Protein chains: 4
Amino acid sequence: MLEQLKEEVFQANLDLPKHGLVKYTWGNVSAVDRASRLFVIKPSGVHYDKMKPSDMVVVDFDGNVVEGDLRPSSDTPTHAVLYKHYAEIGGIVHTHSTWATVWAQAGLDVPVMGTTHADTFYGSVPCTRFLTQEEIDTGYEAETGRVIIETFEQRGLDIMAVPGVLLKGHAPFTWGKDAHSAVMNSVVLEEVSKMNLFARELNHFAEELPQRILDKHYLRKHGKDAYYGQK
Amino acid sequence: MLEQLKEEVFQANLDLPKHGLVKYTWGNVSAVDRASRLFVIKPSGVHYDKMKPSDMVVVDFDGNVVEGDLRPSSDTPTHAVLYKHYAEIGGIVHTHSTWATVWAQAGLDVPVMGTTHADTFYGSVPCTRFLTQEEIDTGYEAETGRVIIETFEQRGLDIMAVPGVLLKGHAPFTWGKDAHSAVMNSVVLEEVSKMNLFARELNHFAEELPQRILDKHYLRKHGKDAYYGQK
Amino acid sequence: MLEQLKEEVFQANLDLPKHGLVKYTWGNVSAVDRASRLFVIKPSGVHYDKMKPSDMVVVDFDGNVVEGDLRPSSDTPTHAVLYKHYAEIGGIVHTHSTWATVWAQAGLDVPVMGTTHADTFYGSVPCTRFLTQEEIDTGYEAETGRVIIETFEQRGLDIMAVPGVLLKGHAPFTWGKDAHSAVMNSVVLEEVSKMNLFARELNHFAEELPQRILDKHYLRKHGKDAYYGQK
Amino acid sequence: MLEQLKEEVFQANLDLPKHGLVKYTWGNVSAVDRASRLFVIKPSGVHYDKMKPSDMVVVDFDGNVVEGDLRPSSDTPTHAVLYKHYAEIGGIVHTHSTWATVWAQAGLDVPVMGTTHADTFYGSVPCTRFLTQEEIDTGYEAETGRVIIETFEQRGLDIMAVPGVLLKGHAPFTWGKDAHSAVMNSVVLEEVSKMNLFARELNHFAEELPQRILDKHYLRKHGKDAYYGQK
């Protein structure tokens, strides 16, 4: 079942080491089939060079395995909670990519310091709070998804306009309309995490990008008046 | 038309990822044919691994497409304004290369800290101001070219002696006598942006290069008394 | 003798440059055969691209060569001391990997700043003291092993829960149940050394990971209740 | 003439980009034949991927070309001065490698912060002064060699025990018993320049390596009691 989606998810997982976002198996990509309310995700702890499209695991929105011989990623419940809550999300990526993780460990939102950020994220990429002991005991991975939702709701953020988050002390999650765009958003988040850190190191008084330029750059690539690319 | 120039521009675009200056399609190179007052530029948002020389787009100095099935880079009007204003420019490059972008985001000129810089840029690489709301509304990309011209004119800089600029909050543009040298200038700007940042981090009191050594290094590679290379 | 172990040790040594942990021959991996109380280690100063599995040297726990035409790594006595003292250790790695060495040179323990660290190291990775003149004269490499043991005993650390150490002013050693996992622990130590340095640079007040999240991450990958991977 | 030396110098020049020490043609390696008092050096500004062993240029100790169709590196007089003055030097390398150049631009000696440094350099790697206007006018490249000699003589340094120098505001030179070991010393200098910068960034009070450990590490690899490697 969902053979084409498995192929897409498989390829998107291989893109993680190709873009330098993961070492070993420290990352996972999933993508959803909205019609069947099922998603496809990488198996847990399987090396990328031995993985096949048929190793991908099919899971429902409560995190139950529907098809697959292997155990799905241990982060599967986080993916499930996000797919269930946000109908717009088509693909999700989790990595421990270096520079985004640095911001997560610093416990800081990534501010909009330039147009590289503005082309993809319409505002700061938020950093969550730490999970409580109770949340860890209840179900760490599912509660991780709920803390992401809480963060976006408390701040009134549009999940597709800011397609990524930093889990405090942990690492980033990004998402998108499909697996490929979720990976691309991880690449952008990693790069702007690096640039923005060093911009502030170089000039402690470096300004955030003015709202008018954030608007211009985001809107020339997104929405009905976009004019970037071939359509 | 302009088949040889298309090939050159195509190759120069491929050099961007080869030198680590771009991820995905975040960059563009163009080159001009002065006789016909036309330039050739990369199409917008086309992946480098699928791009062919024949995909390059021919554009006039007002930014109108003269030949090509694809839409040209969204930054085309910036290139057009620069070609129209400066008769010496043969090729132009725009990237979001990491370290040059860090300086652009910090809003600072890149000072001459060493001979690597002096070999190519005869002075600091300037950082522009932000565009105003009015300029954004008038035509963001063309006005970007005009802000570059304003920056060079206000400072009395020779466009070919300092073949690059940082757009504040955005990223670098470089140029040269042709597409290949414009790419080379991007490589140099990226490298000195990294070196100069860390030289100041290591020693906050690090001096700029004395004028006499800047003169010596620039002039042994450029101008009538140059003695670097094979001719 | 120990042909399979030689092959494993050979492959693990080749993994060092593959993961960017060594330049030239600046590193060595060994693995032990507990039944015979012998270990296999890389020869000293042999280039990786000329090395063969049969070049691996067999050594006893007192550092005497038992089989092999080449001289073993000059760090062999350090490996011998650790294998003799700790029955749990199956493989040992020594590199001068950049970021872990930075912490060794700074003379600081690597604190637990995030879950990437917590997934592998159950607490800070300790930095030893410098060796004394007397220890250097007695036998530098063997005494290096004894200073590692002293560090773990003084702090009451479990050698397998914190499978790595920084030698002050020198570089890291890591270990594991076999050569492969010792290499993996070197990769993790290198990565968290980089992340943790920049997390503190970005936010001088960045907190260490709360104990509850350290517990959760370490224990979902290690021990009887682990649920990461395929078994 | 000197065909084998040309081959060695050619290979050593190719090693520069392989080890990430140069971009484009920003570097040069030479090696000397003491019997004939001639040295072989890379031609100026020739791309590495088009260069052949027969393109290497033979030069005497006064910098005159003895054989070769191409012009030698513009830095040839610096090499000539060093070969003429120091009978021990067999090969010389000049690069603008990133991290060593950062220290040169910062105008600081690279202190001995760890054993990676001590394994190769028996003390700090010195940074010269800037050249005067008079020296630039007299002959910039030859005077550069004389400023290196001045630096080593004023400080009483052994040229083979500290086989490298930083030219203030410029970049490193290294040397060795032959071209290959000169390149290796450039690799080490680049790596310790990076490590030592970040060790001090991480801990502003990080100590230099105690003399006793510097002695131990340098002398286990160099001199009559060395016991590293296969002989």
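## Where chain D meets chain B

Let's start at one of the contacts: 13 residue pairs, both members at pLDDT 80 or more, make polar contacts across the interface of chain D and chain B. Keep in mind that this is a predicted model. On the chain D side, α3 (98-106), α5 (133-155) and α6 (179-202) each bring at least two residues to the part that touches chain B. The biggest giver there is α3(D), with seven residues. Sorted by class, this side of chain D holds 16 nonpolar, 13 polar and six charged residues.

How many residues does each chain put into the contact? Chain D provides 35 residues and chain B provides 34 residues. Between them, the two chains bury about 3200 Å², with 58% of it on carbon and sulfur atoms. Within chain D, the residues that lose the most area to chain B are Tyr24(D), Arg71(D) and Gln105(D), which together make up 22% of what that side buries. There are also four salt bridges across the interface of chain D and chain B. As for a salt bridge you can look up yourself, try the side chains of Glu141(D) and Arg220(B), at 2.5 Å from N to O.

## Where chain C meets chain D

Chain D has another partner, chain C. Here the contact draws on 35 residues from chain C and 33 residues from chain D. About 3200 Å² is buried between chain C and chain D, and carbon and sulfur atoms give 57% of that. On the chain C side, Tyr24(C), Arg71(C) and Gln105(C) supply 22% of the area buried against chain D, more than any other three residues.

This interface has four salt bridges, and Glu191(D) and Lys23(C) meet through their side chains in a salt bridge at 3.8 Å, N to O. It also has 13 residue pairs in polar contact, both at pLDDT 80 or more. Which elements of chain C give two or more residues to the side that touches chain D? They are α3, α5 (133-154) and α6 (179-202) of chain C. Of these, α3(C) gives the most, with seven residues. By class, that side of chain C splits into 16 nonpolar, 13 polar and six charged residues.

## A closer look at His96(C)

His96(C) sits in the loop between β5 (91-95) and α3 (98-106) of chain C. Is His96(C) buried or exposed? Buried means under 20% relative accessible area, and His96(C) is at 9%, so it counts as buried.

Setting aside its neighbours within four places in sequence, His96(C) is in contact with residues of chain C, including Leu21(C), Trp26(C) and His170(C), and with residues of chain D, among them Thr115(D), Asp119(D), Glu191(D) and Met195(D). Thr116(D) is in contact too, and its side chain makes a polar contact of 2.9 Å with the side chain of His96(C).

## Helix α7 of chain C

Now move along to α7 (residues 211-221) of chain C, where Ile213(C), Leu214(C), His217(C), Tyr218(C) and Arg220(C) are buried. Why do these residues line one face of the helix? Seen down the axis of α7(C), they fall within an arc of 165 degrees, so they share one face.

The buried residues of α7(C) pack against α5 (133-154) of chain A, along with α4 (115-118) of chain C. Just past α7(C), Gly223(C) has a positive phi of about 90 degrees.

## Chains that stay apart

Chain B and chain C do not touch, and their nearest C-alpha atoms are 12 Å apart. Chain A and chain D have no contact either, with their closest C-alpha atoms 12 Å apart.

Methods. Residues are numbered from 1 along each chain as its sequence is written. Chains are lettered from A and ligands numbered from 1 in the order in which they are written. This is a predicted model: local features need pLDDT of at least 70, side-chain atom pairs count only at pLDDT 80 or more; totals for chains, interfaces and linings use all residues. Side-chain values use heavy atoms; hydrogens and water are left out. Contact means heavy atoms within 4.5 Å. Buried area is the accessible area (1.4 Å probe) that two parts lose on being put together, summed over both. A polar contact is a pair of N or O atoms within 3.5 Å; within protein, one must be able to donate a hydrogen and the other to accept it, and residues adjacent in sequence count only if both atoms are side-chain atoms. Helices (H or I, at least four residues) and strands (E, at least two) are DSSP runs, numbered from the N terminus. Ala, Val, Leu, Ile, Met, Phe, Trp, Tyr, Cys and Pro count as nonpolar, Asp, Glu, Lys and Arg as charged, and the others, Gly among them, as polar. Buried means under 20% relative accessible area, exposed over 50%, partly exposed in between (1.4 Å probe, protein chains only). The arc is that of the directions from the helix axis to the C-beta atoms.
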